[in-house]
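The report below goes through a single protein chain, taking helix packing before the overall fold and then a few individual residues. Please keep the sequence and the model in view while reading.

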Amino acid sequence: MRVYVGCCGFAKGMKTYFSQYDTIEIQKTFYKLQRASTIEKWRSLAPENFIFNIKVFQGITHDVKSPTWKRSGIENYKELSGKVGYLRPTNEVFEYWEKMLEYARILKARVLVIQLPASFKDSVENWNNASRFFGNISRENFLIGIELRGWNSESVGKFCRRFELIDVCDLFIREPLNIVDGVAYFRLHGRYEGSRINYKYRYTSQELEQLLTKIFKLEKRGVEEIYVMFNNVYMADNALELKALLKSLYSL
């Protein structure tokens, strides 16, 4: 089983990041569409065996009411109301997806991560949107992971199995309900305090050891490739701490 550890975004300068971590989940692609030349630069600076994952553009997932749209660089974005986000099967959304595939090809990416907001409810309309979206997009050779927030486990599992998606979750909270091609993908945001997430939380050594125990148990489920992506304030340190623990175990 191969375990890759990284951060959601460049937690350090690119040169340092590429020398210390195995993988990354690019966040800039979520907030704003990037120039192809920028994507090419990232790939050229990274080691050949470095693995990129992409968080897909918010135009695919988030309605224009989301405050993140202010960072999109798109003028008059509010005019896109009803045409973007929530996996709506519109020309705009499909065009954004094609742009993500372009980035993925340049980066030789492994997983395209779709993070849907809590406002994406378990509703007939959203199921229909998803069915038309996933039924019409090209996946090429890339895997797709999805993070559904606020859905119950039964619906998450059903959604992921129906559309052949990796269930992106927090392994501290639960095990994945669906894996694809032996790949599991985890995003660790910090401590959950009721319905809120404390992103300022730093995982302890004991918690990271517990995380590894959970990771190795997944091998019994046929998981062969695991991505552990930290997304808390202390992600740079926690990711290196987990990598060190992994190295010490493999060297025993």
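## Packing of α6 and α7

In this predicted model, helix α6 (residues 124-136) packs against α7 at an angle of about 25 degrees, and the two axes lie 11 Å apart. Because angles under 35 degrees count as roughly parallel, α6 is described as roughly parallel to α7. The crossing in which α6 passes α7 is right-handed.

On the α6 side the contact is formed by W127, A130, S131 and F134, and on the α7 side by S155, K158, F159, R162 and F163. Sorted by class, the residues in this contact of α6 with α7 comprise 5 nonpolar, 2 polar and 2 charged.

## Packing of α3 and α5

Helix α3 (residues 36-45) and α5 pack with their axes 9 Å apart and at an angle of about 30 degrees, and α3 and α5 are therefore roughly parallel to each other. The crossing of these two helices, α3 and α5, is right-handed.

From α3, the residues A36, I39, E40, W42 and R43 meet E102, Y103, I106 and L107 of α5. The contact of α3 with α5 contains 6 nonpolar and 3 charged residues, with no polar residues.

## Packing of α8 and α9

Helix α8 (residues 205-217) and helix α9 (residues 235-250) have axes 10 Å apart and pack at an angle of about 60 degrees, which makes α8 oblique to α9. Here too a handedness is assigned, and α8 passes α9 in a right-handed crossing.

The residues of α8 that make the contact are S205, L208, E209, L211, L212 and F216, and those of α9 are N238, E241, L242, L245, L246, L249 and Y250. By class, the contact of α8 with α9 divides into 9 nonpolar, 2 polar and 2 charged residues.

## The chain as a whole

The chain has 9 helices and 10 strands, and its C-alpha trace spans about 55 × 40 × 35 Å along the principal axes. For 252 residues, a compact globule would be expected to have a radius of gyration near 18 Å, and the chain, with 18 Å, agrees with that expectation.

Of the 252 residues, 52% count as buried. Among contacts between residues at least 6 apart in sequence, 67% join residues at least 24 apart.

## Two buried loop residues

V56 is placed in the loop between β3 (51-55) and α4 (58-61), and V56 is buried, with a relative accessible area of 1%. Leaving aside residues up to four places away in sequence, V56 touches T29, F30, T61, W97, M100, L112, V113 and I114. R43, which belongs to the contact of α3 with α5, is 13 residues from V56 in sequence, and the C-alpha atoms of V56 and R43 are 17 Å apart in space.

H62 lies in the loop between α4 and α5, and with a relative accessible area of 7% H62 is likewise buried. With residues up to four places away in sequence not counted, H62 touches F30, T68, W69, V84, G85, Y86, Q115 and P117. F30 thus appears among the contacts of V56 and among those of H62; the C-alpha atoms of H62 and F30 are separated by 9.9 Å, although these residues are 32 apart along the chain.

## Two residues with positive phi

Most residues other than glycine have a negative phi. K108, which is not a glycine, nevertheless has a positive phi of about 55 degrees. The position of K108 is in the loop between α5 (91-107) and β4 (111-115), where K108 is exposed, with a relative accessible area of 54%.

E164 is also a residue other than glycine with a positive phi, in this case near 55 degrees. E164 is found in the loop between α7 (153-163) and β6 (166-167), and E164 is exposed, with a relative accessible area of 56%. Which of the helices described above precede these two loops? The loop that holds K108 follows α5 (91-107), and the loop that holds E164 follows α7 (153-163).

Methods. Residues are numbered from 1 along each chain as its sequence is written. This is a predicted model: local features need pLDDT of at least 70, side-chain atom pairs count only at pLDDT 80 or more; totals for chains, interfaces and linings use all residues. Side-chain values use heavy atoms; hydrogens and water are left out. Axes are lines fitted to C-alpha atoms, for helices over the stretch in contact, and angles run from 0 to 180 degrees between N-to-C directions. Helices (H or I, at least four residues) and strands (E, at least two) are DSSP runs, numbered from the N terminus. Angles under 35 degrees count as roughly parallel, over 145 as roughly antiparallel, 65 to 115 as roughly perpendicular and the rest as oblique. A crossing is left-handed if the near helix is turned anticlockwise from the far one by less than a right angle, and right-handed if clockwise. Contact means heavy atoms within 4.5 Å. Ala, Val, Leu, Ile, Met, Phe, Trp, Tyr, Cys and Pro count as nonpolar, Asp, Glu, Lys and Arg as charged, and the others, Gly among them, as polar. The radius of gyration is taken over C-alpha atoms; the globule rule is 2.2 Å times the number of residues to the power 0.38. Buried means under 20% relative accessible area, exposed over 50%, partly exposed in between (1.4 Å probe, protein chains only).
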